[in-house]
Amino acid sequence: MIRHTRTALAVLALAVAAAPAIAQDLTGTLKKIKDSGTITIGHRETSIPFSYLDEKQQPIGYSMDICAAVVEEVKKELSLTSLNVKYNPVTSQTRIPLMANGTIDLECGSTTNTLTRQKQVSFAPITFITGTKLLVKKSSKVKSYRDLKGKTVVVTQGTTNERIIKALSDKENLGIRFLNAKDHAESFLTVESGRAIAFSMDDILLYGLVAKAKNPKDFDVVGDYLSYDPYGLMFRTNDDAFGVVVRRAIARLFGEPGQCNGPLKAIYKKWFVDPLPSGEKMGVPMSQLLETVCRTNALPD
């Protein structure tokens, strides 16, 4: 009887030991990547300095460096010595559909994490915090959204900023006329050419566009914050296994819990404090709010 009991316990122990291996059978994005040997990164082309094209038309930026850390974590998770990285450009309008239909596996741009978007996609931990302001020519004398009454404003289609400024115009009866642009570069050009008096967008992206402008001193970023916009990398919804890998990669970038002493500090400095590869300088130190996020979201292994 004792022998049979010991045998049964041994079999049970083997079954329990084997359970994690069964549970770790690949599914979702990890399986897609393992089977294809490729991870597809969705990137923006004009979201300076998060995700944009350099002089060689290669995607670079703050978000791209963070995504590179995720790619390394995926390689480690799948025990791969190499992994092909494919780049696929996205816009504000196409980024979520291309994620949902499997064209891209990870979106590395400047996407705000909202409750509405969480119904369609999942988000990595916050890696930047910004808010909506206005880009104008200094000669316009515009200092606030209240100065836009009856005037023309350009917005990039599919952004949270578009909804915010349009709702504000309706709420306060400003009668703002709106022009829609396909990306931030086109929106900026609309103001530069005088077809719109202002461009409503996240302030950090506006500073990036001004830094790259032919005559940066001609422009100003004005007004109070009209929104709170936390950025996060996007991946497919209901994909917990891949989500764990993404979150672990970013936790490593944050560093030790309560410290914010990981590689993210150097990545931030590279893109927001030091000169950009093309020579321009953002000159935007890490905010206290983002540093708090970094300290409080780091996770122990």
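Buried here means under 20% relative accessible area. Keep that cut-off in mind for the first stop. The model on screen is predicted.

**Stop 1: strand S1**

Select residues 38-43, which make up strand S1. Six of the six residues are buried, so the strand is largely enclosed by the rest of the structure.

Now show the side chains. In a regular strand they alternate between the two faces of the sheet. Which residues of S1 point one way, and which the other? Thr38, Thr40 and Gly42 point one way. Ile39, Ile41 and His43 point the other way. Both sets are buried.

**Stop 2: the neighbours of S1**

Keep S1 on display and add residues 84-89, strand S5. S1 and S5 run parallel, joined by six bridges. Then add residues 106-108, strand S6. S6 also pairs with S1 in the parallel sense, over three bridges.

Centre on Gly42. What is its bridge partner in S5? Look for Asn88. In S6, the bridge partner of Gly42 is Glu107. So much for the strands; the cysteines come next.

**Stop 3: Cys67 and Cys108**

How many disulfides does the count come to? It comes to two. Start with Cys67 and Cys108. Their sulfur atoms lie 1.8 Å apart. Look along the S-S bond: the torsion is about -100°, so this disulfide is left-handed.

Zoom out to see what the pair links. Cys67 sits in helix H3, residues 62-77. Cys108 belongs to strand S6, the strand that pairs with S1. The two cysteines are 41 residues apart, and the pair links distant parts of the chain. Are they buried or exposed? Both Cys67 and Cys108 are buried.

**Stop 4: Cys260 and Cys294**

Select Cys260 and Cys294 for the other disulfide. Here the sulfur atoms are 2.2 Å apart. The torsion about the S-S bond is 100°, and the link is right-handed.

Where do the two ends sit? Cys260 lies in the loop between helix H8 (240-254) and helix H9 (264-273). Cys294 is in helix H10, residues 288-297. The pair therefore ties together parts that are 34 residues apart in sequence. Both Cys260 and Cys294 are buried.

**Last stop: the pattern**

Show both disulfides together. What pattern do they follow when bonded cysteines are counted along the chain? The pattern is 1-2, 3-4.

Notes
Residues numbered from 1 in each chain as written. Predicted model: local features only at pLDDT ≥ 70, side-chain atom pairs only at ≥ 80, totals over all residues. Heavy atoms only, no water. Buried < 20%, exposed > 50% of the residue type's maximum accessible area, 1.4 Å probe, protein only. Helix = DSSP H or I, 4+ residues; strand = E, 2+ residues; numbered from the N terminus. Pairing = 2+ DSSP bridges. Disulfide = S-S within 2.5 Å.
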